[in-house]
Amino acid sequence: MKRPWNRTDLPVYSISSKFKDSHNLNICTYVSGASMDPKRMSVAIYKDTKTLELAELEKTIVLQLLSKDQINLVKQLGFKSGKSIDKISYLEKKGLVTEWNDFKVLGNALAYILLKQHSRIDAGDHVLFLFDIMGFLNNRDAEGLTLNELRRKKIIRG
């Protein structure tokens, strides 16, 4: 039987982070609503990543809710480091990137949520951020990508 934390099915997101002319996208699944009033979300970002570096400098990120048809992006965005490859250039060449609120985002994401850092805590191999929601856009209607789909396709274990 799976460990309790691997039994639930959760949505798969991509974080768009930036600072000045540097942009990056990454996969993120450690996301949860944290407060209704004010509206806040918690997001854990893996340490020693370009995403974390940019998020700490800019203090804002865009959380993108991924669709099931974006599953082919998970390995590119989640298993490769933005420190060694330019993920944005790769995605732009494929015509997959657009802009929203001055962030590079995936054009076919289901939704975008603009988040501003409220606080942070070292959480082990991740840094846990509490973000205020500054705005959002429901981009399109389609089935969301989930951890169970990544497990079924053997992209992740657990």
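A residue is called buried under 20% relative accessible area, exposed over 50%, and partly exposed in between, with a 1.4 Å probe and protein chains only. The structure is a predicted model, in which local features need pLDDT of at least 70 and side-chain atom pairs count only at pLDDT 80 or more, while totals for chains, interfaces and linings use all residues. Residues are numbered from 1 along each chain as its sequence is written, and side-chain values use heavy atoms, with hydrogens and water left out.

**Exercise 1.** Place Glu 92 in its element, classify its accessibility and list its contacts beyond four places in sequence.

Solution. Begin with the element: Glu 92 belongs to helix H3, residues 87-93, where helices (H or I, at least four residues) and strands (E, at least two) are DSSP runs numbered from the N terminus. Next, the relative accessible area of Glu 92 is 38%, so this residue is partly exposed. Finally, when residues up to four places away in sequence are not counted, Glu 92 touches Val 97 and Lys 104, contact being heavy atoms within 4.5 Å. From C-alpha to C-alpha, Glu 92 and Leu 106 are 9.4 Å apart in space, with their positions 14 residues apart in sequence.

**Exercise 2.** Determine whether Ser 67 is buried or exposed, and find the partner of its side chain in a polar contact.

Solution. Ser 67 sits in the loop between S5 and helix H2 (74-78). Its relative accessible area is 0%, and therefore Ser 67 is buried. The side chain of Ser 67 makes a polar contact of 2.6 Å with the side chain of Arg 140; such a contact is a pair of N or O atoms within 3.5 Å, where within protein one must be able to donate a hydrogen and the other to accept it, and residues adjacent in sequence count only if both atoms are side-chain atoms. Leaving aside neighbours within four places in sequence, the residues in contact with Ser 67 include Asn 108, Leu 110, Ala 142 and Leu 145.

**Exercise 3.** Describe the backbone at Lys 20, Asn 101 and the peptide bond between Asp 37 and Pro 38.

Solution. As background, most residues other than glycine have a negative phi, and most peptide bonds are trans. Lys 20, in the loop between S1 and S2, has a positive phi near 55 degrees, and at 67% relative accessibility Lys 20 counts as exposed. Asn 101, in the loop between strand S6 (97-100) and strand S7 (103-106), has a positive phi of about 55 degrees and is partly exposed at 41%. Lastly, the bond joining Asp 37 and Pro 38 is cis, with omega about 5 degrees.
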